[in-house]
Amino acid sequence: MTIIKKDSILIVDDALINIQFLFDLLTQSGFEVAVAQNGERALEVAEEALPDLILLDIMMPGIDGFETLTRLKSNSKSKSQIDSRRKNVFSGTVSCGYRT
């Protein structure tokens, strides 16, 4: 028997309306979704769940998205996950739907 793991996505945002919209859209599309409302919690969830994709808000209270990403990259467990998937995705900031 083959076990198929759903693609997993971590949503990191402090705005509940954004979380709800993305959560509903992604779960209805068949993704396994985890949520964190701040950078500190995102670091914990990312280390436990090792998501395939992280949708990371930049402007959040506490540590912002840039600092969260820096810490994810410095953590050996999450860094290996980031490095193994880097060749398949672009890295950068998306603002209002445009890559910057």
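Which residues does Thr68 touch, not counting residues up to four places away in sequence?

**Figure 1. Thr68 and its contacts in the predicted model.** This is a predicted model. Thr68 is found in helix α3, which covers residues 65-74. Thr68 touches Gly39, Ala42, Leu43, Leu56, Met60 and Ile63, leaving out residues up to four places away in sequence. Is Thr68 buried or exposed? Its relative accessible area is 0%, and buried means under 20%, so Thr68 is buried.

**Figure 2. The whole chain.** The protein has four helices and five strands. Starting at the N terminus, the elements run β-α-β-α-β-α-α-β-β. The protein has 100 residues, and 23% of them are buried. About 7000 Å² of the protein is exposed, and carbon and sulfur atoms supply 57% of that area. Now take the contacts in the protein with a separation of 6 or more. Of these, 57% are between residues 24 or more positions apart.

**Figure 3. Confidence along the chain.** The average pLDDT of the protein is 81. A score of at least 70 is reached by 70% of the residues. Over residues 95-100, the pLDDT is below 50. This stretch has seven contacts in the model beyond near neighbours in sequence. Where pLDDT is low, the predicted coordinates should not be read in detail.

**Figure 4. Strand β1 and its partner.** Strand β1 spans residues 8-12. How many of the residues of β1 are buried? The count is five of five, and the strand is mostly covered. Ser8, Leu10 and Val12 point one way from β1. Ile9 and Ile11 point the other way. Strand β1 pairs with β2 in the parallel sense, over five bridges. One place to look is Ile9, whose bridge partner in β2 is Val33.

**Figure 5. The largest nonpolar core.** This core holds 10 residues in all. They are Leu10, Val12, Ala36, Ala42, Leu43, Val45, Ala46, Met60, Ile63 and Leu72. Two elements, β1 and α2, give two or more residues to this core. Which element supplies the largest share? Helix α2 does, with four residues. Apart from this core lies another, of five residues. Ile9, Ile11, Ile19 and Val33 are among them.

**Figure 6. Leu10 and its contacts.** Leu10 belongs to the largest nonpolar core. Residues up to four places away in sequence are not counted here. Leu10 touches Ala34, Val35 and Ala36, among others. Its contacts also include Ala42, Val45 and Ala46. Pro51, Leu53, Ile54 and Leu55 are touched by Leu10 too.

**Figure 7. Leu56 in strand β3.** Leu56 is found in strand β3. Its relative accessibility is 23%, so Leu56 counts as partly exposed. Leaving aside neighbours within four places in sequence, Leu56 is in contact with Val12, Gly65, Thr68 and Leu69. Where does Leu56 sit relative to Ile11? The two are 45 residues apart along the chain, and their C-alpha atoms are separated by 6.4 Å.

**Figure 8. Gln37 in a loop.** Gln37 lies in the loop between β2 (32-36) and α2. With a relative accessible area of 40%, Gln37 is partly exposed. Its contacts are Asp13, Asp14, Leu16 and Ile19, not counting residues up to four places away in sequence. Pro61 is 24 residues from Gln37 along the chain. The C-alpha atoms of this pair are separated by 9.4 Å.

**Figure 9. Helix α1 and Gly30.** Helix α1 has 13 residues, numbered 16-28. What span should α1 have at 1.5 Å a residue? The helix should span 18 Å. Its end C-alpha atoms are 18 Å apart, so the model agrees. After α1 comes Gly30, whose phi is positive, near 95°.

**Figure 10. Leu50, with a positive phi.** Leu50 is found in the loop between α2 (39-49) and β3 (53-56). Leu50 is not a glycine, although its phi is positive, at about 45°. Is Leu50 buried or partly exposed? The relative accessible area of Leu50 is 23%, so this residue is partly exposed.

Methods:
Residues are numbered from 1 along each chain as its sequence is written. This is a predicted model: local features need pLDDT of at least 70, side-chain atom pairs count only at pLDDT 80 or more; totals for chains, interfaces and linings use all residues. Side-chain values use heavy atoms; hydrogens and water are left out. Buried means under 20% relative accessible area, exposed over 50%, partly exposed in between (1.4 Å probe, protein chains only). Contact means heavy atoms within 4.5 Å. Accessible areas come from the Shrake-Rupley method with a 1.4 Å probe; for residues, only the protein chains shown count as cover. pLDDT is the predictor's confidence in each residue, from 0 to 100. The expected span of a helix is 1.5 Å times one less than its number of residues. A nonpolar core is a set of buried Ala, Val, Leu, Ile, Met, Phe, Trp, Tyr and Cys residues joined through side-chain atoms within 4.5 Å. Two strands pair if DSSP finds at least two bridges between them.
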